[in-house]
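Q: Please take a close look at a single part of this protein with me. Keep the steps short, and tell me how the pieces sit against one another.

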Amino acid sequence: MGRVLNKPLPGVTSPSGLRARPPATPAAQPAAGGTTPPPDREFAFGPADFERIRKLIYAQAGISLAPVKQDMVYSRLARRLRALGMSRFSDYIDHLEKGDEAEWETFVNALTTNLTAFFREAHHFDILLRTLRERTHRPLRIWCSAASTGEEPYSLAITACEAFDSLTPPVRILASDIDTNVLAKGEKGVYPMERVDRLSPERLRRFFLRGAGAQAGQARVRPELQQLIRFTRINLLDPRWPAVEGPLDAIFCRNVMIYFDKPTQYAILKKFAPLLRDDGLLFAGHSESFLHAADLFKSLGRTVYERADRVGGGGRGPHK
Ligand SMILES: C[S@@+](CC[C@H](N)C(=O)[O-])C[C@H]1O[C@@H](n2cnc3c(N)ncnc32)[C@H](O)[C@@H]1O
């Protein structure tokens, strides 16, 4: 499968790409005290600024920012104000609301949290390995829907290679994220050694190339793994996901739903269900539960779900 990365391109920054929901209602004037930076702060940032940002990122990406995130928002966006020569957050938000599309992309990229790791929540990959081994009779498709910097889709690709004992298994992986910076890193497939040093020596030898000279201290994933993956930008909030080709054998949607409220989660799950094969699996993060969407997905245990309307249901026991 060819790889396409929607970098900061018109498709990424276009209104249809970024403005999945109508822009949030512009907030009222900055609160008193929001215009003068406190002595320890370089830029003026008050509660009203935070409220405006909270509404904007919710409207764009579905991310619900708790009030405790004010310092995080300040530190992540301060460098944008510096780069743009602004001194007040209210000016920056006005600038965003005027519709600078490239800045919208930077804004969203700055506010996402991208923590990930190879084989994070390892039991999911054991379950996937068993599932893939049962399905050897046709090409398989997996969607990794919050792929971050690529460790998760590469872990899926490694699992596929191990399931079929081949570097060219009949598996295609779509790796997507809203954040174009992390997608670019994922597509590159180069990681500091400390990101891979918990992998077994066998996996390191089989699936990575060790950097030498100027690349010392880095590991590059083998090109065969990259061939299995297509990286592209998808906002889970978008009403349609034309890049996703079903039917899918598995959807990995891990550690992203926690940033969304329940109605947003439900709307996404409703679009996942018809994309999955009847016997397809949905993998969630360790602290995510979809009990509120029991009409759509049934838990198999260990944060793995199957379609609630599965026709041949009952054949698969809870995951151990
Ligand atoms: C904490 S990381 C999880 C990465 C990986 N799934 C894992 O479990 O290790 C969450 C990812 O979700 C992405 N994300 C946040 N909002 C999103 C949205 N509306 N659509 C798609 N991806 C989103 C972020 O950019 C980030 O890379």
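A: What follows looks at the open sheet and the helices that go with it.

Keep in mind that this is a predicted model. Start with the whole chain. It has 13 helices and 10 strands. Of its 320 residues, 40% count as buried. Now look at contacts between residues with a separation of 6 or more. Residues 24 or more positions apart account for 71% of them.

Next, the sheet. Seven strands build it, and it is open. Read across it, the order is β6-β2-β1-β7-β8-β10-β9. The pairing is mixed. The edge strands are β6 (229-233) and β9 (297-301). Each has a single partner strand, so one side of each is left without a neighbour in the sheet. On average, neighbouring strands are turned by 20 degrees against each other, direction ignored.

Zoom in on one pair. Strand β8 covers residues 276-284, and strand β10 covers residues 304-307. They pair in the antiparallel sense, over three bridges. Find Leu281: the residue opposite is Glu306 in β10.

Now add the helices. Helix α8 packs on the sheet. It touches β1 (140-144), β2 (171-177), β6 and β7 (248-253). The direction of α8 makes about 170 degrees with that of β2. Helix α9, residues 180-188, packs on the sheet as well. It touches β2 and β6. The direction of α9 makes about 165 degrees with that of β6.

Stay with α8, because a helix pair needs its own description: two packed helices are described by the angle between their axes and the distance between the axes. Here the partner of α8 (residues 151-164) is α7 (residues 123-134). Their axes come within 9 Å. They cross at roughly 45 degrees. The two helices are therefore oblique to each other. The crossing is right-handed.

Which residues of α7 and α8 make the contact? From α7 come Phe125, Leu128, Leu129, Leu132 and Arg133. From α8 come Ser155, Thr159, Ala160, Glu162 and Ala163. Sorted by class, the contact has six nonpolar, two polar and two charged residues.

To recap, α8 touches strands of the sheet, and α7 comes within 9 Å of α8, axis to axis.

Key:
Residues numbered from 1 in each chain as written. Predicted model: local features only at pLDDT ≥ 70, side-chain atom pairs only at ≥ 80, totals over all residues. Axes fitted to C-alpha atoms, helices over the stretch in contact; angles between N-to-C directions. Helix = DSSP H or I, 4+ residues; strand = E, 2+ residues; numbered from the N terminus. Parallel < 35°, antiparallel > 145°, perpendicular 65-115°, else oblique. Left-handed = near helix turned anticlockwise from the far one by under 90°. Contact = placed C-beta atoms within 7 Å. Nonpolar A, V, L, I, M, F, W, Y, C, P; charged D, E, K, R; others polar. Buried ≥ 20, exposed ≤ 12 C-beta atoms within 10 Å, placed from the backbone. Pairing = 2+ DSSP bridges.
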